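Trainee: Could you take me through one part of this model slowly? I'd like a close look at the residues that the database record marks as a binding site.

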Amino acid sequence: MDVKIALLAGDGIGPEIVAEATKVLDRVAEKFGHKIEYRPALVGAAAIDAVGDPYPDETHAVCLAADAVLFGAIGDPKYDNDPTAKVRPEQGLLRMRKSLGLFANLRPVALFDSLADRSPLKAEVVRGTDFICVRELTGGIYFGRPQGRDEEGARAFDTCTYTVSEIERVLHVAFRLAVSRRRKLTVVDKANVLETSRLWRETAQRVAREYPEVAVDYMFVDNAAMQIIRQPAYFDVIVTENMFGDILTDEASVISGSLGMLSSASVGAEVALFEPIHGSYPQAAGKNIANPMATILSAAMLLEHLGLDAEGRAVRRAVDRALAEGVVTEDLAAPGEKARSTSEVGDYVASQI
Ligand code: IPM
Ligand code: MG
């Protein structure tokens, strides 16, 4: 198969972790007889520095022309520490998601057996964890207007809006996923307080009738935040709005031992995008210490999305072997265990394909 991948490395550790993922993909291509062509493009602070725009038109065109997009990370402390900056790297990511129509972000949270003792949570709590959070990605408070300040700058406002059709389409993604898994869906909202959440719940109750085989339950987000670390094995598929999904999945990453392990797929329209859920970790940039597994596992999701299931499985097995052999970066190394560098982990995973 000939595969064209748009490569958006972005900021901070982005270029390093994406390089390890392409190392693994190249090995897959070699072993399975595929041809992968990469089209690099600018995004985030790197794009602002180069052309003054965090998501240039040219990058959008590269994404549209690709079979899939592999994305690294976005964000730079020089903008985090300047709340008055008019152009921000994150705007690039949001515009990219919106303009590519990527309304559903699938974030699998599973325990890797060899990491059961690396989670800060007790092994008996995290054992058996295997759920997917479906995060709505192009609506809610991230995109609602108006957003801004009043004239004196003493009052600020963001707006959370959702339409029925925005809610329905992401619910269908979640229900279909639940049908293919253990047939359990948890709808997370704050319907006791927020009108948008009440619309979510009402819509979910209606859509649920189309999926009688799925057991649906409803949970307020504060309770969900607690249950995710109290009894993570309870969940099969979670569906929730944009910001709740952002927060809950960072929390959920603790189960797997490191934020550096969680991959994701953003889907909705023609082209899908694959990205680790973590950020640009600027403190580690250029040091060859960041965990490349989330990006490597995102590459596995990319292969599976293209129908290359055996190839995706091969990547997952190689990751499992690296974890079992203790070939891990410092975020996962046990006390007294030698932490490997980003590129050593990538080399090892590639060697196991
Ligand atoms: C994520 C990130 C982004 C988000 C940031 C970088 C804008 O935290 O993908 O979870 O909030 O969506
Ligand atoms: Mg996040």
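Mentor: Let's start with a word we'll need: a residue is called buried when its relative accessible area is under 20%. Keep in mind, too, that this is a predicted model.

Now to your site. According to the UniProt annotation, from an unreviewed entry, "binding site" covers Arg97, Arg107, Arg135 and Asp222. Those residues are spread over 126 residues of sequence, and they are spread in space as well, with up to 26.5 Å between C-alpha atoms.

Take Arg135 to begin with. You'll find Arg135 in strand β5, which runs over residues 130-136. Its relative accessibility is 1%, so Arg135 counts as buried. Leaving out residues up to four places away in sequence, Arg135 touches a list of residues that includes Arg97, Arg107, Tyr142, Glu241, Gly245 and Asp246. Notice that two names from the annotation, Arg97 and Arg107, are among those contacts.

Next comes Arg107, which sits in strand β4, residues 104-110. Arg107 has a relative accessible area of 2%, so this arginine is buried. With the same sequence neighbours left out, the contacts of Arg107 include Arg97, Arg135, Gly245, Asp246, Thr249 and Ser263. Gly245 and Asp246 turn up in the contact lists of both Arg107 and Arg135.

What about Arg97? This one belongs to helix α5, residues 89-99, where Arg97 is buried along with Pro89, Gly92, Leu93, Leu94 and Met96. Here's a handy bit of background: an α-helix has 3.6 residues a turn, so residues three or four places apart point the same way. Just past the end of α5, Gly101 takes a positive phi of about 70 degrees.

One more neighbour deserves a look, and that's Cys133, which Arg107 also touches. Is Cys133 buried or exposed? At 1% relative accessibility, Cys133 counts as buried. When you see a cysteine, you might wonder about a disulfide, which is a covalent bond between the sulfur atoms of two cysteines. Here the closest cysteine sulfur to that of Cys133 is in Cys160, and at 16 Å it is too far for a bond. Cys160, for its part, is in no disulfide, and its 28% relative accessibility makes this residue partly exposed. A search of the whole structure comes up with zero disulfides.

So here's your picture: Arg107 and Arg135 are buried, and each of them touches Arg97.

Note on methods: Residues numbered from 1 in each chain as written. Chains lettered and ligands numbered in written order. Predicted model: local features only at pLDDT ≥ 70, side-chain atom pairs only at ≥ 80, totals over all residues. Heavy atoms only, no water. UniProt positions renumbered as here; feature names shortened; annotations may be inferred. Helix = DSSP H or I, 4+ residues; strand = E, 2+ residues; numbered from the N terminus. Buried < 20%, exposed > 50% of the residue type's maximum accessible area, 1.4 Å probe, protein only. Contact = heavy atoms within 4.5 Å. Disulfide = S-S within 2.5 Å.
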